[in-house]
Amino acid sequence: IRDATFNITTNTKVTNDEVEKKRKHRIQVANAAAALFYFQNLYKLPSAGGARQHLIQTRGFSTSLIKQVCLGYATSQSQSLVQHLKSLGFTPEEIVDSGLAKLIVTDNVNVSHNNTPTLSQSNTNSSTMENTVHQQPKMSYQNLKDRFVNRIIIPIWDSDGTHIVGFGGRLLLPFKTNNYKYNPPKYLNSPETIVYKKRNILFG
């Protein structure tokens with residue numbers, strides 16, 4: 001009985017290790033695909049002119065150095081990379097696990113006394129907030145948003161220089177809408193993932 005139990009436990013552990021190994025591989029492939037996508041954006045898209053000018057004229061980067069480091073450009077479209085990775089067969093879970101996109105939080109809904117949901121207003125007071133229902137985002141392509149938008153992209157490599165484990169993004173211009181101006185952080189890095197542990201990799 002002990003031997004049988006040991007074999008079952010061992011086989012389960014091997015299976016879990018294989019699943020984890022496959023997850024890491026898929027994230028590495030997704031990162032590589034994203035790096036190529038960003039790199040091609042930098043050289044092919046007219047909208048990347050500001051990024052090219054900043055790198056070559058302002059920062060003094062040569063074309064060969066840009067290619068060697070594999071610098072890139074993320075457009076101002078919020079689902080540009082998501083749709084590209086979808087076309088390559090990556091699932092929403094894999095895209096989120098890689099840190100390349102994040103789930104979009106849906107609009108809050110206020111539940112009135114007659115149980116009819118209404119959209120929350122910007123001047124919602126504290127008493128109304130108690131009746132606010134927070135919608136749980138569904139893991140689907142349409143609920144994903146690119147983590148890097150309107151940024152110059154710098155790949156983050158592992159300690160061996162073999163695999164891209166994440167990215168750093170430098171903002172080009174602040175976002176503006178009809179009603180307000182949103183100033184995201186100038187520099188943004190990938191979150192920690194199963195392949196990217198910030199304590200093990202120095203990036204700055």
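How many aromatic pairs does the structure hold? This predicted model has 4 of them, and the close-ups below start there before moving on to charged side chains, a short helix and a tucked-away serine.

**View 1. Phenylalanine 37 and tyrosine 38 make a tilted aromatic pair.** Their ring centres sit 6.1 Å apart, with 55 degrees between the planes. Both residues are buried. Zoom out a little and you'll find that ring pairs join Phe37, Tyr38, Phe148 and Phe167 into a cluster.

**View 2. Phenylalanine 39 and tyrosine 43 form another tilted pair.** Here the centres are 5.2 Å apart and the planes make an angle of 50 degrees. Both residues belong to helix H1 (residues 2-44), and because they are 4 residues apart, about one helical turn separates them. That spacing is handy to remember: an α-helix has 3.6 residues a turn, so residues three or four places apart point the same way. Tyrosine 43 is partly exposed, with a relative accessible area of 33%.

**View 3. Glu20, Arg23 and Asp97 are linked in a network of salt bridges.** Look at arginine 23 first: its side chain meets that of glutamate 20 at 3.5 Å, N to O. These two are 3 residues apart in helix H1, so about one helical turn lies between them. Arginine 23 also has a salt bridge with aspartate 97, where the closest N and O atoms are 3.6 Å apart. This second pair links distant parts of the chain, with arginine 23 in helix H1 and aspartate 97 in helix H5, 74 residues apart. Arginine 23 is partly exposed at 33% relative accessibility, and glutamate 20 is partly exposed at 29%.

**View 4. Glutamate 94 and arginine 26 form a salt bridge.** The closest N and O atoms are 2.9 Å apart. Again, distant parts of the chain are linked: glutamate 94 is in helix H5 and arginine 26 in helix H1, 68 residues apart. Glutamate 94 is partly exposed, at 21% relative accessible area, and so is arginine 26, at 24%.

**View 5. Helix H2 (residues 49-58) has Ala51, His54 and Leu55 as its buried residues.** Seen down the axis of H2, they fall within an arc of 90 degrees, so they line one face of the helix. After H2 comes glycine 60, with a positive phi near 75 degrees.

**View 6. Serine 98 sits in the loop between helix H5 (92-97) and strand S2 (101-103).** Serine 98 is buried, at just 1% relative accessible area. Its side chain reaches the backbone nitrogen of leucine 100 at 3.4 Å. Leaving aside neighbours within four places in sequence, serine 98 is in contact with Ile27, Ala30, Asn31 and Thr193.

Notes: Residues are numbered from 1 along each chain as its sequence is written. This is a predicted model: local features need pLDDT of at least 70, side-chain atom pairs count only at pLDDT 80 or more; totals for chains, interfaces and linings use all residues. Side-chain values use heavy atoms; hydrogens and water are left out. Buried means under 20% relative accessible area, exposed over 50%, partly exposed in between (1.4 Å probe, protein chains only). A polar contact is a pair of N or O atoms within 3.5 Å; within protein, one must be able to donate a hydrogen and the other to accept it, and residues adjacent in sequence count only if both atoms are side-chain atoms. Contact means heavy atoms within 4.5 Å. The arc is that of the directions from the helix axis to the C-beta atoms. Rings of Phe, Tyr and Trp (its six-membered ring) pair if their centres lie within 6.5 Å; planes under 30 degrees apart count as stacked, over 60 as edge-to-face and the rest as tilted. A salt bridge is a side-chain nitrogen of Lys or Arg within 4 Å of a carboxyl oxygen of Asp or Glu.
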